[in-house]
Amino acid sequence: MILPPILPFCAPPGQPKNMKHRFARSPIGILIVCALTLTLNVTACEVGSAPPAMLHAAGADSIGVAGASGASNFAYPSPTPLNHTLPVDLVVQQWLNSVQSDQLLIMIDALTEMRTRHVLSAGFDPTQGIGITTARDYLIAQFHIIHSAVPLAVWTQPVPITLNGVTATSDNVVAVAQGSDPKAGVIVVGAHYDSVNADDFNSADLAAPGANDNGSGVAALLEIARLLTGVAPRATLIFVAFTGEETGRQGSMAFVQNYLQAQKPPISPRAMFNLDTIGGNRTPDGQPGADVLRIFSADPNDSPSRQLARQVQLIAAAYLTAPQAIVQSSAERAGHFGDQQSFSAGGNAAVRLIESAEDPSRQRSARDTLDDIQPAYRMGATRVALASLAVLADGPDAPDNVAWHANGTILNWSPIKGAAGYVVALRRSESASFDQIVTIGDSPAFIWSGLTTYAFAAVAAFDGHGRMGPLSPEIALAR
């Protein structure tokens, strides 16, 4: 089934067109945000305020910052110390503080109460399962609750599934928040809502509550949709609860092939986030895992997906102390797959967020229940995804024309209108993460004798509120 196009308007036929919301921070709004922040013992409302977590320079040299923006001949002042404090936006911080733990728990509990969300379960019992009267309609209702406050276009995409000789139709549940700037593109946030019991993979009548895998991801998806669509961001956001992940990614593959790629012209998302198994974080012996959130992305190390993974780690370091988001040097865990791979296979930047520790005795079994969820960890993982989306969807554009000069000490780029400053991210060729972060002023150039010790560079702008935008594609610093 080919669904209606997203841009310039995303509602299916027969639905009234929603008015576009333009995102603007009025002076009154800024004062309100600062007042709210003061109640949380934050003492300043300035660009470049120290974030909860900072990335520190390793082996720092000294830098010179370029002169007037846009000047063809840069005048470099005396070298100044490296500044590696990342900017933060108080509005994003307020969103992170607004994540509701109880709401996340309620949504996970509601999904587990359906007993199973196996893709073939709809025909067994109309009071439980994945079908029209249970999981699917629960998700539609949740998106419509958000719709009552902020216009969302909500629809379902039927997905035919054949499993062990049985054919059924299940549904992706889709909600779209139209962005205010078509040039800002599209970002997809996904989480699969089906579940299985691995004792009999094809059986639809065995208990498969799926609290952690993947009620935790679905709850985060809905909470992020609630918070981010209060005002329309610049980018269009597509929230998708995928069916059929456990049985071979049928839902996400159908969404990519029969919806995104079927549009004229095809829709190519700037980024895709897969939220899958982010609430338990227990080892096989039942102990808490490390306070780490793993980020998986397609190889090679300079792929669009791996570059997106590094951005997520960078953003999380600016806004959160825990969990620590860590880039993994692989596309997935050995022997596993995820919905992000349906997107990265088509060349789109896509990442999977997943807890640091897994308990195979609970996964895909009747034991994946609500008591498997760790509330503090689940909250932190949701906030990592929320902060990343807020920055990438509504921050300033990524700088164009990033160039490294042959003398080895100068990096410059086209200026971004309204930028209060820039973040320069550097890494060595073998590094999965950035090795050096530098924050500079509003001139679009960076000079440093240490550039030649790195292999790749990327640049992001941040605005007067401290909101950083996406990084430019990484460029090679040739020797």
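This section describes the overall make-up of a predicted model, the covering of one helix, and a set of salt bridges.

The protein has 479 residues, of which 58% are buried. Its secondary structure consists of nine helices and 17 strands. Among contacts with a separation of 6 or more, 75% are made by residues 24 or more positions apart. The accessible surface amounts to about 18,500 Å², and carbon and sulfur atoms contribute 56% of this area.

Helix α6, spanning residues 250-260, is mostly covered, with eight of its 11 residues buried. The buried positions begin with Q250, G251 and S252, continue with A254, F255 and V256, and end with Y259 and L260. The elements that cover these residues include three strands, namely β3 (153-163), β4 (166-177) and β6 (236-242), together with helix α8 (340-344). In general, residues three or four places apart on an α-helix point the same way, because the helix has 3.6 residues a turn.

The structure contains 20 salt bridges. One of these is formed by R352 and D276, whose closest N and O atoms are 3.2 Å apart. R352 belongs to strand β10 (residues 350-355), whereas D276 sits in the loop between β7 (271-275) and β8 (292-297), so the pair ties together parts that are 76 residues apart in sequence. Both partners are buried. For R352 the relative accessible area is 2%, which is under the 20% limit and therefore counts as buried. The side chains of R352 and D276 also make a polar contact, at 3.2 Å.

The surroundings of R352 were examined further. With neighbours within four places in sequence left aside, R352 is in contact with N274, D276 and T277, with R294, I295 and F296, and with E332 and R333. The remaining contacts of R352 in this list are F337, G338 and Q340.

A second salt bridge joins E358 to R333, with 2.8 Å between the closest N and O atoms. This pair links distant parts of the chain, as E358 is in the loop between β10 and α9 (375-394) and R333 is in the loop between β9 (324-327) and α8, 25 residues apart. E358 is buried, with a relative accessible area of 16%. R333 is likewise buried, at a relative accessible area of 10%.

A third salt bridge is formed by D394 and R467, the closest N and O atoms being 3.3 Å apart. Here too the pair links distant parts of the chain: D394 lies in helix α9 and R467 in the loop between β16 (456-462) and β17 (475-476), 73 residues apart. D394 has a relative accessible area of 7% and is buried. R467 counts as buried at 0% relative accessibility.

Some of the salt bridges share partners, and these join D276, R294, E332, R333, R352 and E358 into one network. The network thus contains R352 and D276, which form a salt bridge, as well as E358 and R333, which form another. Among its members, R294, E332 and R333 are also in contact with R352.

Note on methods. Residues numbered from 1 in each chain as written. Predicted model: local features only at pLDDT ≥ 70, side-chain atom pairs only at ≥ 80, totals over all residues. Heavy atoms only, no water. Buried < 20%, exposed > 50% of the residue type's maximum accessible area, 1.4 Å probe, protein only. Helix = DSSP H or I, 4+ residues; strand = E, 2+ residues; numbered from the N terminus. Contact = heavy atoms within 4.5 Å. Salt bridge = Lys/Arg side-chain N within 4 Å of Asp/Glu carboxyl O. Areas by Shrake-Rupley, 256 points an atom, 1.4 Å probe, with all protein chains shown as cover. Polar contact = N/O pair within 3.5 Å; in protein donor to acceptor, adjacent residues only side chain to side chain.
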